[in-house]
Amino acid sequence: MRAPDLVSLKLFAEVVEHGNIAQASRSAGIAASAISKRIADLEDAMGVTLLLRLRDGIKPTEAGQVLYRHVRGVNQAVERLLVEVSEFSTGDRGR
């Protein structure tokens with residue numbers, strides 16, 4: 001299994017949070033087909049179905065729920081990382 005990229009993980013989380021690929025697409029400013037492809041690639045790479053595609057949206061599978069919990073943690077860690085590193089560029093930290 002290859003490691004997923006951060007953009008795909010973030011888009012996956014957007015879809016779960018919106019419950020709909022089209023709404024996530026509008027929120028993220030990326031085509032719904034591109035999001036769908038990234039999620040299909042994640043599913044292929046992980047060897048599991050992450051989302052059930054329903055007529056009125058999506059529902060995460062058990063594997064999708066586990067991934068979503070981890071993605072939220074990863075996204076929070078990346079945000080903290082960016083804040084801490086930016087402190088060096090603003091002179092608030094280090095020299």
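In this predicted model, a convenient place to start is Gly91, a residue that follows helix H4 and has a positive phi, near 85°. Helix H4 itself runs over residues 62-89, and its 28 residues reach 41 Å from the first C-alpha to the last, which is close to the 40 Å expected at 1.5 Å a residue. Along this helix, the buried residues are Gly64, Leu67, Tyr68, Val71 and Asn75, and what covers them includes helix H1 (6-18), helix H3 (32-46) and strand S2 (57-60).

From there the reader can turn to helix H2, which spans residues 21-28 and in which Ile21, Ala24 and Ser25 are buried. These residues lie on the same side of H2, because they cover an arc of only 105° around the axis. The elements against which the buried residues of H2 pack are H1, H3 and S2.

The two ends of H2 can be described in turn. At the N-terminal end, Asn20 acts as a cap, with a side-chain oxygen that lies 2.7 Å from the backbone nitrogen of Ala22. After H2 comes Gly29, whose phi is positive, near 70°.

The path then continues into the loop between H2 and H3, where Ala31 is found. Ala31 is partly exposed, since its relative accessible area is 44%, a value that falls between the 20% under which a residue is called buried and the 50% over which a residue is called exposed. Although Ala31 and Ile21 stand ten residues apart along the chain, their C-alpha atoms are separated by 9.3 Å.

Methods. Residues numbered from 1 in each chain as written. Predicted model: local features only at pLDDT ≥ 70, side-chain atom pairs only at ≥ 80, totals over all residues. Heavy atoms only, no water. Helix = DSSP H or I, 4+ residues; strand = E, 2+ residues; numbered from the N terminus. Expected span 1.5 Å × (residues − 1). Buried < 20%, exposed > 50% of the residue type's maximum accessible area, 1.4 Å probe, protein only. Contact = heavy atoms within 4.5 Å. Arc of directions from axis to C-beta. Polar contact = N/O pair within 3.5 Å; in protein donor to acceptor, adjacent residues only side chain to side chain.
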